[in-house]
Amino acid sequence: MDNYSYISNADVGYLDQLYQNYKKDPSSVDATWQKFFEGYDFNQQRYGEGGNGSTAVDSLSIKETQVRNLIFTYRSFGHLTSKTNPVRERRNHHVNFDHKSVGLTDADLDTEFDVASEIGMPKSSLRKIIERLKAIYLGPIGFEYNFIRNDAIRAWFFQKCEKEYFEYNPDKEEKKRILTKLNEAVVFENFLHTKFLGQKRFSLEGGENTIPGLQTIINKAAELDVKEVVIGMAHRGRLNVLTNILGKTYEQIFTEFEGNVSPEQTMGDGDVKYHLGYSSHINTPSGKKIYVKLTPNPSHLEAVDPLVIGYTRGQIDDEYKGDLSKGMAILIHGDAALAGQGLVYEVVQMSGLPGYTTGGTIHFVINNQVGFTTDYDDARTSIYCTDIAKIVDAPVLHVNGDDAEAVSFAANLAVEYRVKFGQDIFIDLLCYRRHGHNESDEPKFTQPKLYNIIAKHPNPREIYVKKLIERGDVDAALADEMDKNFRNQLQDRLNEVKQKPLPYKPQKMEEEWEQMRWATPEDFDKSPDTGIKESVIEKVGKALTTIPEGFKALKQIEKLLKDRQTAFFEEKVLGWAEAELLAYGSLLAEKTPVRMSGQDVKRGTFSHRHAYFFDANTNEPFCGLNTVGTEKFHIFNSLLSEFGVLGFEYGYAMSSPRALVLWEAQFGDFVNGAQVIIDQFLSSAESKWQRMNGLVMLLPHGYEGQGPEHSSCRPERFLQLAAEYNFVVADPTTPANFFHLLRRQVSWPFRKPCVVFSPKSLLRHPAVISPLKDFTSGTFQEVLDDASVSAKEVKRVILCTGKIYYDLAEVQQKRKSKDTAVVRMEQLHPFPEKQLKAVLKKYKDAKLVWAQEEPANMGAQSYIQRMMPKYDLEFVSRKASASPATGYLKVHKVEQEKLVNKAFEI
Ligand SMILES: Cc1ncc(C[n+]2csc(CCOP(=O)(O)OP(=O)(O)O)c2C)c(N)n1
């Protein structure tokens, strides 16, 4: 960047050639040269043809271009030198803004240049142009947008920065609003600090301008017709956001600080106060109301991001009929987490994908320059913590956290950008952290120098008040009074809470969930009826076997269509894929939204689903299920992510109790890349935050000799987490049972996440079929008894789950074994105790064996031991192993044969 200048060093012959090319076809040269030659032509017109000898005119037009280069330097690199850091000097990024670096001289300082018009000035001297550029680009906002590969967006920013920002002067009302909000933010923190000494609250001090900034975003969004804002954020400043943005009452917050919550009163285990969510309808100055929601979140930084995006998309799809302009997400990040957590990449990468976009997220970074005790130079290689923005050409507004009005400008600009372009944008609020990571940490252990500066640094409210007083916008007495009044108000609330503590109130049910109720243990004693009418089967069958006129199907698809036709209308027996599609189609016919995503789900990893066909000649897609009714089948091939996409779908399901939402892993093995979503949300959200969720996870699982990474979805992990009816874990073995399981998800008057260990080879196994009559009536069956034996003769019961059943049944047939029953547990959790008892009662004196194909330390073995302590069970499994499965097919086969036979012999 030093001596940035191409024109001063350029070869004249080369320039001339380029110019000739430009004359013939302007688009044949790149955009920068187009601008250059436009300017050159402009000067030629203005000063007339100078001819070869007119060096004065040539040199003038070259100088105009050099000034333009200087403008380019400020626009592109000004942010690297802007005064955004409130407490320390910025690092030197070696940008040369000297006019001499572009070939201009001191003598040019008083020459007037037409090119001044490009930054909204009349013809002006170089000196004035530089002054203006400095005010715009080297002030409290570092505008980082000139890297964006879209001319319209850059042109929009030129206008916004060089005209609107330069002239920005909020009116009195606006200044008062900013001050009021900043006052609340600062005094609230200060009050908590003195009243609840040493209690963890992850204070916002140093970054209090977050509060007026967020309020500006919300107000502007409402003004521009956004109806709903969904916010995700971590610990820092959360209490301040809950009260001063979402309107959670101070009494409620103080009650939580006082710790007056009786353990008997709570439902579930609850969570610490700085993780809780909240929502409210907010009135805004434009007179428009907006619904604002803060999702609950775990400690795991950034883990909430995909949920917020999924939730927002769910609201957009369901509540706003797909109108992306109506729902908007705000993600609030810490600088260290933003730079370090790979999940952010996944979420940003989703931002423009058809299945995942929400029309642009506003990312708001509370950049206090430290992560716990780690300095930013140990926390990232990139210059900025926001550099992830570059992968999607998202602009970044780096803003000095001490400058309330600059924050307000950036906040307004971000919303305008999001509404106009429908893309992500980042606000990087450069601030500091007044205390340690939490309020009892000593920050000087690790940052003594910085904390000496911070100790003497006035808070953002003091800075703004001083500025307002100096400008005569407000008088000192009024500012003092504001502080006092708010402090008194807080004290009154605290006194009330101390005298009469508020009763514990569970987190209120989200509005969309009000028609739901909580599950009771009895709900799991029997599944609801989920059969469908024959006419629906016919309708869905037709939709699955008909292609539009003129659609050229591939040969294999023609065969598939024939097979489907036979299955639905001749043999009336369905395989796995047909049963699955029938479940979705029947729900769509009932106007229940169905959404599914995951890697390659449209075709299906195992080439079984074929939810979409593609015209052999045109590639035109066609989805039969979209013709069943008015409700469309929302199925999307996902980006190659598990953590992000599972989080997204969990969030989507959280927004939409009406919908059946599914995520499918490519192979179940890959689910552990999303473990945080499972541990922190799927298994525990209801207990921690009283939030239900009906997400279904399809995890292809089964020992088929495909090696250690394509065999196991790690059932043991889910079963270890299974408790208190937190989620359903099922391993259905018949198409009809899978069908009923899927329909049960949305038929229940409550929601539970559902983990399905789903099949691979069984997708095509000749025995894995169900007659149509099993779909027209009945329920999901938690336990499947053995219909091939007579109970009286049975001396041994092999209990199992999932695919191994078919291996065991084969041996049973081969051995012509009449004294052994193979009983399937189709649901493992909630443990179907009553249903199992009813079956086992028939085999009172039989020996009981649990057989599984997983090693002893994996699969359901430990869980079965935990759930059936009173039963005398013997276990057949592979030996306890470090790796889930052998890498050798031959070894697998030998192991498997031995194992299934042992179940009959042990
Ligand atoms: C995934 C994850 N790893 C580690 C932690 C522990 N932790 C809590 S806060 C924090 C530092 C966060 O720094 P930053 O993102 O800059 O936010 P700040 O606290 O400075 O606001 C760490 C490492 C965590 N909560 N989540």
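Is Leu741 buried or exposed? Leu741 counts as buried, at 1% relative accessibility. That is our way in today. Keep in mind that this is a predicted model.

Let's stay with Leu741 for a moment. Leu741 sits in helix H25, which covers residues 735-747. What does Leu741 touch, once its neighbours within four places in sequence are set aside? Its contacts are Val728, Ala730, Pro732, Cys754, Val756 and Phe780. Now a distance. Lys293 is 448 residues away from Leu741 along the chain. In space, their C-alpha atoms are separated by 32 Å.

One of those contacts leads on to the cysteines. Cys754 touches Leu741. Cys754 is itself buried, with 1% relative accessibility. How many disulfides does the structure hold? Zero. Take Cys754 as a case. The closest cysteine sulfur to that of Cys754 belongs to Cys713, 12 Å away, which is too far for a bond. A disulfide would need the two sulfur atoms within 2.5 Å. Look from the other side. Cys713 has Cys754 as its closest cysteine by sulfur, again at 12 Å and again too far for a bond. Cys713 is buried as well, at a relative accessible area of 0%.

Step back to the whole chain. The protein chain has 906 residues, and 60% of them are buried. There are 30 helices and 28 strands. Along the principal axes, the C-alpha trace spans about 110 × 80 × 50 Å. The accessible surface comes to about 37,000 Å². Carbon and sulfur atoms own 51% of that surface.

How do the contacts run along the chain? Take the contacts with a separation of 6 or more. Of these, 79% join residues 24 or more positions apart.

Then charge. I count 113 positive side chains and 122 negative ones. The centres of the two sets lie 4 Å apart.

Next, two helices. Start with H18, residues 534-545. H18 has 12 residues. From first C-alpha to last, H18 reaches 16 Å, close to the 16 Å expected at 1.5 Å a residue. Which residues of H18 are buried? They are Val536, Ile537, Val540, Gly541, Ala543, Leu544 and Thr545. For spacing, remember that an α-helix has 3.6 residues a turn, so residues three or four places apart point the same way. And what do the buried residues of H18 pack against? Three helices: H19 at 555-570, H20 at 576-589 and H26 at 773-776.

The other helix is H14, residues 404-421. H14 has 18 residues and reaches 26 Å from end to end by C-alpha, close to the 26 Å expected. Of those 18 residues, 15 are buried, so H14 is largely enclosed by the rest of the structure. After H14 comes Gly422, with a positive phi near 65 degrees.

Ahead of H14 there is a loop, running from strand S11, and Gly401 is found in it. Gly401 counts as buried at 0% relative accessibility. Leaving out neighbours within four places in sequence, Gly401 is in contact with Thr84, Asn209, Leu429, Leu430 and Pro460. Compare Asp525. Gly401 and Asp525 are 124 residues apart in sequence, and their C-alpha atoms are 57 Å apart in space.

Last, some backbone details. The background first. Most residues other than glycine have a negative phi, and most peptide bonds are trans. Here are three places to look at with that in mind.

First up, Asp393. Its phi is positive, near 55 degrees, and it is not a glycine. Asp393 lies in the loop between helix H13, at 376-379, and strand S11, at 396-400. Asp393 is buried, at 13% relative accessibility.

Now Asp600. Phi of Asp600 is also positive, near 60 degrees. This residue is in the loop between strand S14, at 594-598, and strand S15, at 613-614. Asp600 is partly exposed, with a relative accessible area of 38%.

And a peptide bond. Which form does the bond from His829 to Pro830 take, cis or trans? The bond is cis, with omega near -10 degrees. Pro830 is in the loop between strand S26, at 827-829, and helix H28, at 833-840.

To close, back to where we began. Leu741 is buried, and Cys754 is among its contacts. Cys754 and Cys713 are too far apart for a bond.

Definitions and conventions: Residues numbered from 1 in each chain as written. Predicted model: local features only at pLDDT ≥ 70, side-chain atom pairs only at ≥ 80, totals over all residues. Heavy atoms only, no water. Helix = DSSP H or I, 4+ residues; strand = E, 2+ residues; numbered from the N terminus. Buried < 20%, exposed > 50% of the residue type's maximum accessible area, 1.4 Å probe, protein only. Contact = heavy atoms within 4.5 Å. Areas by Shrake-Rupley, 256 points an atom, 1.4 Å probe, with all protein chains shown as cover. Lys, Arg positive; Asp, Glu negative; His and termini not counted. Charge placed at Lys NZ, Arg CZ, Asp CG, Glu CD. Expected span 1.5 Å × (residues − 1).
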